[in-house]
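Colleague: Please take one part of this model and look at it closely. I should like to know how the strands of a sheet are arranged, what packs on them, and how the neighbouring elements are joined.

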Amino acid sequence: MICFCAGRFQWLRIWQNPGELSSPGLTDMATRALLYRRPHEPSTLLIKHGSQIFAIRIRRHRRARRYTLRIHPTDREAILTMPPRGAIAEAKDFAQLHGGWIAARLGRLPKAAPFLPGTSLPLRGVPHRIVHRNGERGTVWTETRDSGDKILCVAGAIEHLDRRVHDYLKREARRDLQRAAEVYSQELGVRVKRLSIRDQSSRWGSCTSAGSLSFSWRLILAPSFVLDYLAAHEVAHLVEMNHSPRFWRVVARICPSAERAKKWLDTCGNDLHRYGIEN
């Protein structure tokens with residue numbers, strides 16, 4: 001949103017006296033935009049822990065009540081969320097205080113596995129080694145060698161290999177999830193209006209009351225029973241938009257492998273975020 005003002009706008013005065021924002025002409029949306037915006041505010045903070053220096057990405061959230069830290073598994077960085085009126089100095093002190101936690105969590109991230117020739121990735125939980133087929137027609141396909149080893153063949157120029165593997169995995173994830181969601185929605189008598197595939201880092205799937213489902217494409221790297229469980233989980237939300245005992249009974253009724261899948265995600269789920277990213 002862009003706000004136009006004839007004179008110089010008193011950002012500091014408005015921020016310190018938000019009641020003045022009730023003046024005529026300012027909508028609620030404009031009020032929030034003015035309240036949370038910080039001109040010339042840095043997007044990252046640098047903190048030192050031992051001999052290491054970490055760049056901490058900062059973000060304000062209108063519902064935040066305290067400072068919190070989390071590790072983004074694919075961007076491989078720490079993110080600090082702060083309240084709307086939080087101070088940058090306080091945010092830096094908070095991050096510095098938890099420098100040991102940041103260093104430990106980043107150090108425990110699994111080794112990145114970029115999509116390159118020779119990389120092994122688990123397609124539907126089965127290891128497939130990427131093989132570049134520069135002189136062949138097509139895009140991406142799978143083969144089984146005489147030895148029984150599975151390979152993922154990628155045609156075309158080497159500079160397009162990463163994008164082609166990403167696109168292939170997203171297509172396969174959409175196909176499997178669409179098929180599973182249709183089965184579970186018919187069983188429950190509900191309708192899925194839209195299904196989207198994203199690279200979500202904080203959740204494997206989501207559901208809206210309007211019937212839109214969203215999933216992480218990385219589920220195609222998990223065993224099939226895990227992907228099926230996530231499809232059942234989100235479709236079940238179209239019956240119960242909560243995580244009540246009734247919701248879990250619905251999930252258990254349509255997906256007998258739910259407990260097994262949840263244990264797999266708790267143990268191995270974080271490993272899926274290392275594929276397709278740079279070191």
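Modeller: Two strands are taken as paired when DSSP finds at least two bridges between them, and the elements themselves are DSSP runs numbered from the N terminus, with at least four residues for a helix (H or I) and at least two for a strand (E). The model is predicted, so local features need pLDDT of at least 70 and side-chain atom pairs pLDDT 80 or more, while totals for chains, interfaces and linings use all residues. Residues are numbered from 1 along each chain, and side-chain values rest on heavy atoms, without hydrogens or water.

I begin with the sheet on which helix H5 packs. Four strands make up this open sheet, in the order E5-E6-E8-E7, and their pairing is mixed. Strand E5 (120-123) and strand E7 (140-144) are the edge strands, each of them paired on one side only. On average, neighbouring strands are turned by 40° against each other, direction ignored; the axes behind such angles are lines fitted to C-alpha atoms, for helices over the stretch in contact, and angles between N-to-C directions run from 0 to 180 degrees. At the E7 edge, five bridges join E7 to strand E8 (residues 150-155), and the two run antiparallel. Within this pair, Thr 144 faces Lys 150 of E8. H5 touches E5, strand E6 (126-133), E7 and E8, and its direction makes about 120° with that of E8; touching, or contact, means heavy atoms within 4.5 Å.

From H5 (residues 161-188) the packing can be followed to helix H6: the two axes are 9 Å apart, at an angle of about 45°. That angle makes H5 oblique to H6, the class left over when under 35 degrees is roughly parallel, over 145 roughly antiparallel and 65 to 115 roughly perpendicular. The crossing of H5 and H6 is right-handed, that is, the near helix is turned clockwise from the far one by less than a right angle, anticlockwise being left-handed. H5 contributes Asp 176, Leu 177, Ala 180, Ala 181, Tyr 184, Ser 185 and Leu 188 to the contact, and H6 contributes Leu 227, Asp 228, Ala 231, Ala 232, Val 235 and Ala 236. Sorted by class, these residues are ten nonpolar, one polar and two charged, where Ala, Val, Leu, Ile, Met, Phe, Trp, Tyr, Cys and Pro are nonpolar, Asp, Glu, Lys and Arg charged, and the others, Gly among them, polar.

H6 (residues 224-236) also meets helix H7 (residues 245-254), where the axes come within 9 Å and cross at roughly 140°. H6 is therefore oblique to H7, and the crossing is again right-handed. On the H6 side the contact is made by Tyr 229, Ala 232, His 233 and Ala 236, and on the H7 side by Phe 247, Trp 248, Val 250, Val 251 and Ile 254. Eight of these residues are nonpolar and one is polar, with no charged residue. Ala 232 and Ala 236 of H6 thus appear in both helix contacts.

Ser 196, in strand E9 (residues 194-198), offers a further link to H5. Its relative accessible area of 7% makes Ser 196 buried; buried means under 20%, exposed over 50% and partly exposed in between, for a 1.4 Å probe and protein chains only. Beyond four places in sequence, Ser 196 touches Arg 174, Leu 213, Ser 214 and Phe 215.

The other open sheet may be set beside this one: four strands in the order E1-E2-E4-E3, again with mixed pairing. E1 and strand E3 (68-72) each have a single partner strand, so one side of each lacks a neighbour in the sheet. The twist from one strand to the next averages 35°. Strand E1 (residues 44-49) and strand E2 (residues 52-60) run antiparallel and are joined by six bridges. Opposite Thr 44 stands Arg 57 of E2, and opposite Ile 47 stands Phe 54 of E2. The two strands form a hairpin with two residues between them, and Gly 50 in the turn has a positive phi of about 65°. His 49 belongs to E1 and is partly exposed, because its relative accessibility is 33%. Apart from neighbours within four places in sequence, His 49 is in contact with Phe 54, Gly 99, Gly 100 and Ala 103. Helix H4 (residues 99-107) lies across E1, E2, E3 and E4, running at about 15° to E3.
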